[in-house]
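I set out to record a few local features of this model, entry by entry. The entries cover aromatic pairs, a helix contact and backbone geometry.

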Amino acid sequence: MADPSVALQEAMFARLDAEVSCPVYDGAPMDTAMPYISFDREISTNTSPIAGRKREQRLIYLSVWSDAHGQAEVKRINGEIVAALNERPLPLAVGRAVSVRVEQADAQRDADGVTYQGSITIRVITTH
């Protein structure tokens, strides 16, 4: 069976697009209006048993970008992401998402001193 990585990103993108209050991008243009969410990185680790279906643990990193004053907007959007994904079934076109869990969420001022960034780490266990 094909790798579920693209199907997972498509399903997550569709869920976030439907349930959060700002746009979602995989590669936002440089002049994109804030706030927005971006898919930043995915790390996949083979956790397959000796025999049986292929199983992987995936860490997916999302960023929230805001130019609003203070952290409130980033924290609100972080909460929307958690509500949309944490411990909720996520049907995939290829493979199966056995577990979807938000592992970490944070908010901080960016190095430019003006922009705020939220970071979300999502752990997904997939089989295929």
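**Aromatic pairs**

I looked up Phe39 and found a relative accessibility of 9%, so Phe39 counts as buried. I note that the model is a predicted one.

I then checked Phe13, which counts as partly exposed at 28% relative accessibility.

I searched the whole structure for aromatic pairs and obtained two. In one of them, the ring centres of Phe13 and Phe39 are 6.3 Å apart and the planes stand at 20°. Planes under 30 degrees apart count as stacked, so I entered the pair of Phe13 and Phe39 as stacked. This pair links distant parts of the chain, with Phe13 in helix α1 and Phe39 in strand β2, 26 residues apart.

I next examined Tyr25 and Tyr36, whose rings form an edge-to-face pair with 5.6 Å from centre to centre and 90° between the planes. Here too the pair links distant parts of the chain: Tyr25 belongs to strand β1 and Tyr36 to strand β2, 11 residues apart. For accessibility, I recorded Tyr25 as partly exposed at 26%, and Tyr36 as buried, with a relative accessible area of 12%.

**Contact of α1 with α2**

I fitted axes to helix α1 (residues 5-19) and to α2; the axes come within 10 Å and cross at roughly 125°. That angle makes α1 oblique to α2. I recorded the crossing of the two helices as right-handed.

I listed the residues that meet: Met12, Arg15, Leu16 and Glu19 from α1, and Ile81, Ala84 and Leu85 from α2. I sorted the residues of this contact into five nonpolar, no polar and two charged.

**Backbone geometry**

I turned to the backbone with a general expectation: most peptide bonds are trans, and most residues other than glycine have a negative phi.

Which peptide bond did I find to be cis? The bond from Met34 to Pro35 is cis, with omega near 5°. I located Pro35 in the loop between β1 (24-25) and β2 (36-46).

I also noted Glu87, which is not a glycine and yet has a positive phi of about 60°. Glu87 sits in the loop between α2 (72-85) and β4 (96-109). Is Glu87 buried, partly exposed or exposed? Its relative accessible area is 45%. Since partly exposed covers values between 20% and 50%, I entered Glu87 as partly exposed.

Key
Residues are numbered from 1 along each chain as its sequence is written. This is a predicted model: local features need pLDDT of at least 70, side-chain atom pairs count only at pLDDT 80 or more; totals for chains, interfaces and linings use all residues. Side-chain values use heavy atoms; hydrogens and water are left out. Helices (H or I, at least four residues) and strands (E, at least two) are DSSP runs, numbered from the N terminus. Buried means under 20% relative accessible area, exposed over 50%, partly exposed in between (1.4 Å probe, protein chains only). Axes are lines fitted to C-alpha atoms, for helices over the stretch in contact, and angles run from 0 to 180 degrees between N-to-C directions. Angles under 35 degrees count as roughly parallel, over 145 as roughly antiparallel, 65 to 115 as roughly perpendicular and the rest as oblique. A crossing is left-handed if the near helix is turned anticlockwise from the far one by less than a right angle, and right-handed if clockwise. Contact means heavy atoms within 4.5 Å. Ala, Val, Leu, Ile, Met, Phe, Trp, Tyr, Cys and Pro count as nonpolar, Asp, Glu, Lys and Arg as charged, and the others, Gly among them, as polar. Rings of Phe, Tyr and Trp (its six-membered ring) pair if their centres lie within 6.5 Å; planes under 30 degrees apart count as stacked, over 60 as edge-to-face and the rest as tilted.
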